[in-house]
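The exercises below ask for a careful reading of one model, and each is followed by a solution that proceeds step by step. Please look through the sequence and the structure before starting.

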Amino acid sequence: MDYFLTEEQQMIAETAREITDEKIIPRRAELDEKNEFPTSILQDMSKADLFGIFIPEDYGGFGGGCFEIVLALEELSRGCVGVATSYAASALGIFPVLIAGSDEMKQKYLPDIASGEKWAAFGLTEANAGSDASGVQTTAVLDGDEWVLNGTKQWITNGGESQIYTIVAITDPAKGARGASMFVVEDGDPGFSYGKKEDKMGIRSSATRELIMRDCRIPLDRLIGRKGTGFITVMKTLDVSRPGIASLGIGLGQAALDEAVIYAKQRVQFGKPIIAFQAIQHMLADMAIQIEAGRSLVYSAARHIDAHPKDMSKASSMCKVFATDMAMKVTTDAVQVLGGYGYMKEYPVEKMMRDAKILQIYEGTNQIQRNVVGQELNKEYA
Ligand code: COS
């Protein structure tokens with residue numbers, strides 16, 4: 001279907017597609033098996049200027065928005081959701097600075113992100129703060145002309161690989177969600193270290209580590225925006241980033257469908273290629289219908305978010321749920337079409353099915369997304 005992309009948008013998709021075909025697909029099985037971070041592929045993405053697409057022109061980027069990120073991520077995830085997640089997590093990590101940072105802070109951090117010289121990561125989740133984002137226990141206390149941070153962040157994508165971390169910490173425990181603030185912590189800051197790399201079911205090429213802050217001292221100007229606005233910045237950040245996760249579901253679903261159709265045309269049973277059987281055709285048709293419906297919703301939601309930054313939540317959560325539930329179903333069906341071969345590591349669909357599961361969990365479980373949509377409906381019909 002024609003989604004009427006501008007020339008620039010087509011170029012973004014083509015650039016990401018080339019990286020996927022030439023750099024990601026040939027290495028994805030090896031990266032998955034070795035649990036290896038795709039450093040050189042991310043460097044190739046930097047050279048191709050992919051990290052600049054979501055940074056404003058004033059700070060060295062191309063001034064694209066949520067829609068442009070979605071286009072890039074859809075192509076990258078066709079190759080490997082782990083690699084695409086590493087790219088997406090850098091965008092997620094720098095969004096708080098884009099959303100709430102001062103001009104000085106943007107001047108300091110954004111050009112390095114745009115050039116791909118530095119990567120970012122987002123530090124919200126803790127052992128007791130997952131779906132309940134306001135349950136953060138990491139603290140930040142003023143001591144003279146420094147903030148002192150204490151706490152441990154868990155399951156942080158790009159942890160240990162990035163140079164810039166946006167961290168949620170409690171500055172006023174009595175104020176609940178309004179007592180949270182956000183800070184930039186840099187790799188090498190005193191008292192800042194990393195835990196072990198996690199061994200995951202899927203997206204194994206992405207790196208997931210703890211961030212440990214023990215009397216981590218940072219200068220005053222690392223506070224993002226105003227004290228006490230951290231929770232709102234987190235919510236706005238997730239509103240902008242969730243369509244990116246949705247687009248990972250679209251690229252992944254498309255890749256699984258491609259594999260399933262190619263296989264179904266080649267595999268002969270009962271004297272015919274199995275695509276000739278209606279049982280298989282209907283499965284493939286349902287996969288294609290769900291992917292295209294998801295793509296339409298994700299593109300519309302991303303365009304809506306770029307045009308209406310004050311009204312993002314419902315569109316963002318709707319597309320995240322639809323596209324990622326779809327990706328789980330479509331990758332599972334792709335394994336089914338390939339049968340015993342689909343279950344073997346020799347074919348890429350078993351990895352696709354493993355990679356799909358996290359999409360329903362990270363950046364807000366799909367249960368939380370349904371809560372957000374439900375709460376918005378409640379407000380609309382008040
Ligand atoms: N944009 C701006 N402000 C928002 C907002 C949004 N999308 N969502 C909530 N807020 C504001 C509310 O208006 C409220 O402000 P007031 O104090 O002025 O009333 C404040 O934030 C608290 O909101 P609420 O009471 O709805 O917060 P809850 O603690 O109930 O949490 C959910 C809401 C569950 C939606 C939130 O915790 C969430 O998104 N959880 C999932 C977190 C997540 O994605 N984790 C994955 C790891 S991060 S990669």
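**Exercise 1.** Which residues come nearest to the ligand, and how many residues are around the ligand in total?

*Solution.* The model is a predicted one, and the answer is to be read with that in mind. Step one is to list the surroundings: 18 residues lie around the ligand, and those that come nearest are Ser-131, Arg-178, Asp-239, Arg-242 and Gly-364. Step two is to look at individual atom pairs, beginning with the backbone of Ser-131, where a polar atom lies 2.7 Å from a nitrogen atom of the ligand. The side chain of Asp-239 places an N or O atom 2.8 Å from a ligand nitrogen atom, whereas at Gly-364 a backbone N or O atom is 3.0 Å from an oxygen atom of the ligand. Step three turns to coverage: of the 1,000 Å² of accessible area that the ligand has on its own, the protein covers 65%.

**Exercise 2.** Describe the interface of domain 2 and domain 3.

*Solution.* Begin with the bounds, since the domain assignment gives domain 2 as 121–228 and domain 3 as 231–380, with domain 1 at 7–119. The C-alpha centres of domain 2 and domain 3 are 30 Å apart, and 13 residues of domain 2 contact 13 residues of domain 3. Next, consider the buried area, which is about 1,100 Å², with 76% of it on carbon and sulfur atoms; on the side of domain 2 that touches domain 3, the residues comprise nine nonpolar, three polar and one charged. Finally, the rule finds zero salt bridges across this interface, but two residue pairs in polar contact.

Note on methods:
Residues are numbered from 1 along each chain as its sequence is written. This is a predicted model: local features need pLDDT of at least 70, side-chain atom pairs count only at pLDDT 80 or more; totals for chains, interfaces and linings use all residues. Side-chain values use heavy atoms; hydrogens and water are left out. Domain bounds come from an automatic or database domain assignment. Contact means heavy atoms within 4.5 Å. Buried area is the accessible area (1.4 Å probe) that two parts lose on being put together, summed over both. A salt bridge is a side-chain nitrogen of Lys or Arg within 4 Å of a carboxyl oxygen of Asp or Glu. A polar contact is a pair of N or O atoms within 3.5 Å; within protein, one must be able to donate a hydrogen and the other to accept it, and residues adjacent in sequence count only if both atoms are side-chain atoms. Ala, Val, Leu, Ile, Met, Phe, Trp, Tyr, Cys and Pro count as nonpolar, Asp, Glu, Lys and Arg as charged, and the others, Gly among them, as polar. A residue is near a molecule or strand if one of its heavy atoms lies within 4 Å of it. Accessible areas come from the Shrake-Rupley method with a 1.4 Å probe; for residues, only the protein chains shown count as cover.
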